[in-house]
Amino acid sequence: MGTVTTPDGTSIFYVDWGPRDARPIVFHHGWPLSHEDWDNQLLYFLSKGYRVIAHDRRGHGRSSQPSTGHDMDTYAADVAALTGALDLKDAVHVGHSTGGGEVVRYVARAEPGRVSKAVISNAVPPVMVKKDSNPEGTPIEAFDELREALAANRAQFYIDVPSGPFYGFNRPGAEVVQGLIDRWWWQGMRGAANAHYECIKAFSETDFTEDLKSIDVPVLVLHGTDDQVVPYEDSAPKSAALLKNATLKSYEGWPHGMLSLHPDVLNPEILSFIEG
């Protein structure tokens with residue numbers, strides 16, 4: 001593990017495991033989590049001979065907690081600082097939810113040769129919020145409610161989200177995994193309240209349409225059809241249609257946190273795409 005210091009002095013924490021000459025895979029976590037959300041994937045791809053890297057977004061996990069920079073442009077610039085410091089070439093970038101937006105913004109702006117493929121799972125692009133150009137989107141009031149709940153009682157809010165919509169544990173017959181709820185809460189509470197509050201605007205209002213159109217590398221788009229956080233119809237099919245070289249994989253009835261619930265299916269799917 002190590003840290004990279006960005007131009008504005010923010011310290012970005014990361015883990016970097018595996019042979020330095022192996023093909024790198026970089027993992028980008030969702031809101032309001034940290035690199036630990038990728039534990040299963042890090043171990044799986046490490047066992048397959050890859051170099052695996054995962055960072056904590058600014059204001060999240062073990063990265064420093066600045067007052068500014070909680071927007072997608074800065075998140076992507078932070079990733080550029082990390083990949084530049086590690087001199088990563090032909091890397092595969094994998095992002096979940098907000099991390100999927102971060103991947104799209106970074107890949108669209110990456111230096112030639114830095115990225116070979118990308119994977120976005122249950123990701124926020126093209127844009128979440130409802131507006132004239134996205135009438136099927138989520139009303140802004142829903143994101144205002146998230147901000148209100150976070151500001152009122154962040155600790156309880158970070159129990160309610162994973163206990164309910166994130167993993168689909170609020171669905172009839174769902175098998176609740178308490179360890180995932182506890183891990184979600186622990187990751188969230190390690191981050192900064194201001195960063196998490198401002199990140200809601202970043203993941204909900206950023207429009208990635210032009211980024212998606214500009215990406216040339218192959219992109220695997222994964223999404224569960226019962227995603228209660230990033231609704232399927234307003235995200236994955238639209239992103240796949242905008243990308244030049246996309247493969248869309250949909251999973252009937254699976255929730256937002258499907259990577260943690262179904263790694264036995266999704267890890268080999270991602271591996272097949274990377275090696276294909």
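Here are a few notes on the pockets and aromatic rings in this structure, which is a predicted model.

1. Start with the largest pocket, which holds about 340 Å³ of space. Its lining runs to 20 residues, and Phe143, Leu146, Phe203, Gln228 and Val229 are the ones nearest the centre. If you're looking for it in the viewer, try helix H4 (residues 140-163), which gives the most to the lining, with 5 residues.

2. What sort of residues line that largest pocket? The split is 15 nonpolar and 5 polar, with no charged residues.

3. Now for the second largest pocket, with about 190 Å³ of space. Among the residues lining this one are Tyr167, Phe169, Arg171, Glu175 and Asp226. Here the lining does include charge: 3 charged residues, alongside 6 nonpolar and 2 polar.

4. On to the rings: the model has 15 aromatic pairs. Take Phe27 and Phe45, a tilted pair with centres 6.1 Å apart and 45° between the planes. Their pairing ties together distant parts of the chain, with Phe27 in strand E3 (residues 24-28) and Phe45 in helix H1 (residues 39-47), 18 residues apart. Both Phe27 and Phe45 are buried.

5. There's also an aromatic cluster worth a look, made up of Trp31, Phe143, Phe157, Tyr158, Phe166, Tyr167, Phe169, Trp184 and Phe203. You've met some of these already: Phe143 and Phe203 line the largest pocket, while Tyr167 and Phe169 line the second largest.

6. Finally, two charges over rings. Arg57 has its charged end over the ring of Tyr75, 5.4 Å from the ring centre. The charged end of Lys117 sits over Phe273's ring, 5.0 Å from its centre.

Technical notes:
Residues are numbered from 1 along each chain as its sequence is written. This is a predicted model: local features need pLDDT of at least 70, side-chain atom pairs count only at pLDDT 80 or more; totals for chains, interfaces and linings use all residues. Side-chain values use heavy atoms; hydrogens and water are left out. On a 1 Å grid over the protein atoms alone, a cavity is a set of points where a 1.4 Å probe fits but cannot get out, and a pocket is an open set with protein on both sides within 12 Å along at least five of seven lines; lining residues have an atom within 4 Å of a point. Grid points are joined across faces, edges and corners, and a volume is the space filled by probe spheres set on the points. Helices (H or I, at least four residues) and strands (E, at least two) are DSSP runs, numbered from the N terminus. Ala, Val, Leu, Ile, Met, Phe, Trp, Tyr, Cys and Pro count as nonpolar, Asp, Glu, Lys and Arg as charged, and the others, Gly among them, as polar. Rings of Phe, Tyr and Trp (its six-membered ring) pair if their centres lie within 6.5 Å; planes under 30 degrees apart count as stacked, over 60 as edge-to-face and the rest as tilted. Buried means under 20% relative accessible area, exposed over 50%, partly exposed in between (1.4 Å probe, protein chains only). A charge sits over a ring if NZ of Lys or CZ of Arg is within 6 Å of the ring centre and within 35 degrees of the ring normal.
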